[in-house]
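Subject: Structure for you to look over

Dear colleague,

I am passing on the structure below, together with some notes on what came out of going through it. Please read them with the coordinates open beside you.

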Amino acid sequence: MAAVVSSSAAASSLAKAVQELAINTSAPPEKYIRKEGIGGSPSEFPYLDIPVLDLSLLNSSSPEAEEELKRLRLAFSSCGYCQAINHGIDTSFLDEVHDVTREFFTLPMEEKKKYSRDADDIDGYGNDTVYSEKQTLDWNDRLYLNVKPENKRKMKVWPENPTTFRKILLDLTAKLENVNEILFKAMAKSLGLEENSFLKQYGEDPIVLSRFNLYPPCPTPDLVLAAKAHGDASAMTYLLQDKQVEGLQALKDDQWYKVPIIPNAIVVNVGDQVEIMSNGIFKSPIHRVVTNPERERMTIAVFFTPDPTSEVKPVDELIDEENPKLYKSVIDYTGNYFKFFQLGKRPLDALKV
Ligand code: OGA
Ligand code: NI
């Protein structure tokens, strides 16, 4: 990994959370400004026509299951996104997840900083690591917590305040594991594959990583991004969107679209590693987050990533003369992802045949 710039003015301004920068500011620091803008005003982008999938149907043996599998295939091979409903996670539980997220981010700064990430680490509370003077920073504070494998949990950065935080996080990821298994099997079946074709590559000891996002209001939303454009390094990503404030945008045919809010639906997107496994049939969407001039936004993302010792590659049955292999095999894709990302390259492109 590139050396972390530690002695510059940029690094010292980073000691501040974006939440602190956002107080009484009329102009964000230079390091956050995109001189070229973000291609428009955040509210003016059109909405993405994002398929809504009924997960209760996928798991059934009803005739509707076949229809739903077709819709899933279409969703993930076009925009790479869906909004999952009837996913089996109670609304009251989702409310608790949003509540503890809000409680955590509204704790006093000294309290939150007890959970700060170490400079060379991902886990914990913090914001962008500065790798280079040229990097433009994201208007976002976040808390990253590795939930699985269990021996990778860094308990010292797991909040004990609010007191229910840890239990709710464990419950959330356990519930999403069920959803993830349903979707992995359904994705395979939708392509006519044996249902464990993708799950096999997911491996014995997969990674489950959570990311709690706070996007403070930003006075210059046309010039600052809350999260720069990226594809997720995961296999699959599950996002609990803020129920009131929009911000997520997806790139389709070179145009940015807003992802609409459907309260209590889970936004699901294909990650780079499912694009590899499916030999490019399922698309890992490029997405970004825009800022809002008045309102803060909070989201919770959970990334499901194959065991880093497991080989990830296009499923053999998907390759023939007409459909040549598009991606090379890879192990520990995520471990190598940030290196490419910070250099401004799409990490997935490095694996193209
Ligand atoms: C992410 C992400 C979107 C959002 O955390 O990778 O894309 O709306 N989040 O918070
Ligand atoms: Ni993302």
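Over residues 205–306 the chain is 6% helix and 46% strand, and the C-alpha atoms at the two ends of this stretch are 8 Å apart. The stretch is the one that an unreviewed UniProt entry annotates as "domain: Fe2OG dioxygenase". Please keep in mind throughout that this is a predicted model.

The metal site comes next. The nickel ion (ligand 2) has as its protein donors His230 through NE2, Asp232 through OD and His287 through NE2, at 2.1 to 2.2 Å from the ion, and the spacing of these donor residues in sequence is H-x1-D-x54-H. Since His230 belongs to strand 6 (residues 225–230) and His287 to strand 11 (residues 287–290), the pair ties together parts of the chain that are 57 residues apart in sequence. Both of these histidines, His230 and His287, are buried.

Turning to internal space, a search of the whole structure finds four cavities of 30 Å³ or more, and the largest cavity holds about 90 Å³. There are 13 residues in the lining of that largest cavity, and those closest to its centre are His98, Gln241, Ile262, Asn264 and Ala265; sorted by class, the lining consists of seven nonpolar, four polar and two charged residues.

Asn264 deserves a second look for its backbone, because its phi is near 75°, a positive value in a residue other than glycine. Asn264 lies in the loop between strand 9 and strand 10 (266–270), and with a relative accessibility of 26% it counts as partly exposed. A positive phi, of about 50°, is also found at Asp253, which is not a glycine either. Asp253 sits in the loop between strand 8 (248–252) and strand 9 (255–258), and at 70% relative accessibility, over the 50% cut-off, it counts as exposed.

The sheet around strand 4 is worth following in some detail. Seven of the eight residues of strand 4 (residues 141–148) are buried, so this strand is largely enclosed by the rest of the structure. Strand 4 runs antiparallel to strand 3 (residues 124–126), to which three bridges join it, with Gly126 standing opposite Arg142 of strand 4. Strand 4 also runs antiparallel to strand 5 (residues 207–215), and here seven bridges join the two, with Lys148 standing opposite Val208 of strand 5.

Lys148 is joined to Pro149 by a cis peptide bond, with omega at about 0°, and Pro149 lies in the loop between strand 4 and helix 7 (165–190). A cis peptide bond with omega of about 0° also joins Asn161 and Pro162, and Pro162 lies in the loop between strand 4 and helix 7.

Finally, Glu321 is found in the loop between strand 12 (297–305) and helix 10 (333–342). At 82% relative accessibility Glu321 counts as exposed, and its C-alpha atom is separated by 34 Å from that of Leu55, a residue 266 positions away along the chain.

With best wishes

Key: Residues numbered from 1 in each chain as written. Chains lettered and ligands numbered in written order. Predicted model: local features only at pLDDT ≥ 70, side-chain atom pairs only at ≥ 80, totals over all residues. Heavy atoms only, no water. 1 Å grid on protein atoms, 1.4 Å probe; cavity = no way out; pocket = protein on both sides within 12 Å on 5 of 7 lines; lining within 4 Å. Points joined across faces, edges and corners; volume = space filled by probe spheres on them. Nonpolar A, V, L, I, M, F, W, Y, C, P; charged D, E, K, R; others polar. Donors = N, O, S within 2.8 Å, 3.2 Å for Na, K, Ca; no water. Helix = DSSP H or I, 4+ residues; strand = E, 2+ residues; numbered from the N terminus. Buried < 20%, exposed > 50% of the residue type's maximum accessible area, 1.4 Å probe, protein only. UniProt positions renumbered as here; feature names shortened; annotations may be inferred. Pairing = 2+ DSSP bridges.
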